[in-house]
Amino acid sequence: MTDENITRPVTTNVTGRVAVVTGAASGIGAAIAHALSERGASIVILVDRDGARAERVAAELPGAAQAIAIDATDSETVREAIGTITTAHGPIGLWCGNAGVVAGNGLGDDSDWHLSWKLHVESHLTAIRELVPAMSASGGGTFVFTASAAGLLTSLESAPYAVSKHGTVALAEWCSIAYADQGIRVHCLCPQAVRTPMTDGDNRTLAVAGALLEPAAVADCLLDAIDEGRFLVLPHPEVAEYEQRRTRDRDRWLSGMAHLRRKLNAGGHSHPAPLNSAVAGERET
């Protein structure tokens with residue numbers, strides 16, 4: 001395929017848009033809400049199960065904001081919220097599916113798989129199904145899928161997390177292809193270690209992870225990618241090279257990951273934040 005045959009993404013921004021962020025009460029979600037407000041979104045809707053905490057974050061934003069207490073895995077409630085937001089504020093121009101969870105060690109149990117899949121894949125699917133027709137009719141819109149470096153690499157500790165985050169990336173890629181001609185832009189955010197409740201107090205994992213970024217730096221990276229029309233958002237740019245190594249010699253990469261797992265297990269280490277241990281394994285190859 002020549003360069004002439006490749007459809008180039010249009011440049012987009014968030015100015016004047018109704019923006020929704022799920023998982024917005026803390027961490028990356030709260031930082032994204034701040035960045036959207038600072039860059040001129042007409043209103044930022046913060047969605048989180050913890051409504052009181054989301055209210056506190058909304059009160060700190062420089063522009064118009066509203067908090068809604070709902071569970072992102074409850075498809076019917078999400079659909080109702082989309083209708084309510086649209087009626088009150090106009091068409092949603094940007095949907096950021098940021099809610100996530102670490103559930104299950106090893107293979108986990110059925111509830112870990114169910115929750116991980118519901119939150120990391122099906123919640124995005126609900127928003128896509130509900131919003132694409134309206135966005136397309138109004139000239140386009142933007143979706144952000146918050147995945148993880150584990151969605152491009154893997155997780156040493158949690159199979160439900162690794163598999164569901166790979167699902168996040170795969171769905172984002174599919175939607176980017178399928179809806180490009182309808183003016184829908186898709187961005188997939190895949191950070192390594194970020195200072196969030198997921199990494200608080202996890203010094204052993206952080207010792208083998210990449211640079212620990214502040215959520216605000218991740219949010220700025222995302223907003224820059226939206227302005228530039230880039231699909232894959234890598235706040236830790238080295239992840240691109242790690243993924244290339246994985247695809248160039250998968251057997252070597254798998255061997256390196258297994259070696260790191262043995263090394264960590266021999267040292268008695270526990271790694272509850274799977275996205276970080278995914279990156280460390282890449283460095284062993």
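**View 1. Thr22, Ala72, Val78, Trp95, Gly97, Ser123 and His124 line the largest cavity of this predicted model.** Two elements give two or more residues each to this lining: strand 4 and helix 4 (110-137). The volume of the largest cavity is about 50 Å³. How many cavities of 30 Å³ or more are there? The count comes to 1. Sorted by type, the lining residues divide into 3 nonpolar and 4 polar, with no charged residue. How is such a space found? Rolling a probe the size of a water molecule over the atoms shows where empty space is left.

**View 2. The sheet is open and has 7 strands.** Read across the sheet, the strand order is 3-2-1-4-5-6-7. The pairing is parallel. Which strands form the edges? They are strand 3 (65-69) and strand 7 (232-233). Each of these edge strands pairs on one side only. Helix 3 (residues 75-89) packs on the sheet. Helix 3 touches strand 1 (18-22), strand 2 (43-48), strand 3 and strand 4 (92-97). The direction of helix 3 makes about 145° with that of strand 4.

**View 3. Strand 4 is paired with strand 1 and with strand 5.** Strand 1 and strand 4 run parallel, joined by 4 bridges. One residue pair to look for is Val21 with its bridge partner Cys96 in strand 4. Strand 4 and strand 5 also have 4 bridges, again in the parallel sense. Here Leu94 stands opposite Thr142 of strand 5. Is strand 4 enclosed or open to the outside? Of its 6 residues, 6 are buried, so strand 4 is largely enclosed by the rest of the structure.

**View 4. Strand 5 (residues 141-146) runs parallel to strand 6 (residues 184-189).** How many bridges join these two strands? There are 6. Find Thr146, then look across to strand 6: Leu189 stands opposite.

**View 5. His120 sits in helix 4.** Is His120 buried or exposed? The relative accessible area of His120 is 0%. Buried means under 20%, so His120 counts as buried. Which residues does His120 touch, leaving out those up to four places away in sequence? They are Ala99, Gly100, Val101, Tyr161, Ser164, Lys165 and Thr168. Take Ala99, one of these contacts. Ala99 and His120 are 21 residues apart along the chain, yet their C-alpha atoms are separated by 7.7 Å.

**View 6. Thr73 lies in a loop, between strand 3 and helix 3.** Thr73 has a relative accessible area of 15% and is buried. Leaving out residues up to four places away in sequence, Thr73 touches Leu115, Lys118 and Leu119.

**View 7. The whole chain holds 10 helices and 7 strands.** The chain has 285 residues, and 52% of them count as buried. Now take the contacts with a separation of 6 or more. What share comes from residues 24 or more positions apart? These residues account for 68% of such contacts. The contact between His120 and Thr168 is one to trace in the model.

Notes
Residues are numbered from 1 along each chain as its sequence is written. This is a predicted model: local features need pLDDT of at least 70, side-chain atom pairs count only at pLDDT 80 or more; totals for chains, interfaces and linings use all residues. Side-chain values use heavy atoms; hydrogens and water are left out. Two strands pair if DSSP finds at least two bridges between them. Contact means heavy atoms within 4.5 Å. Axes are lines fitted to C-alpha atoms, for helices over the stretch in contact, and angles run from 0 to 180 degrees between N-to-C directions. On a 1 Å grid over the protein atoms alone, a cavity is a set of points where a 1.4 Å probe fits but cannot get out, and a pocket is an open set with protein on both sides within 12 Å along at least five of seven lines; lining residues have an atom within 4 Å of a point. Grid points are joined across faces, edges and corners, and a volume is the space filled by probe spheres set on the points. Ala, Val, Leu, Ile, Met, Phe, Trp, Tyr, Cys and Pro count as nonpolar, Asp, Glu, Lys and Arg as charged, and the others, Gly among them, as polar. Buried means under 20% relative accessible area, exposed over 50%, partly exposed in between (1.4 Å probe, protein chains only).
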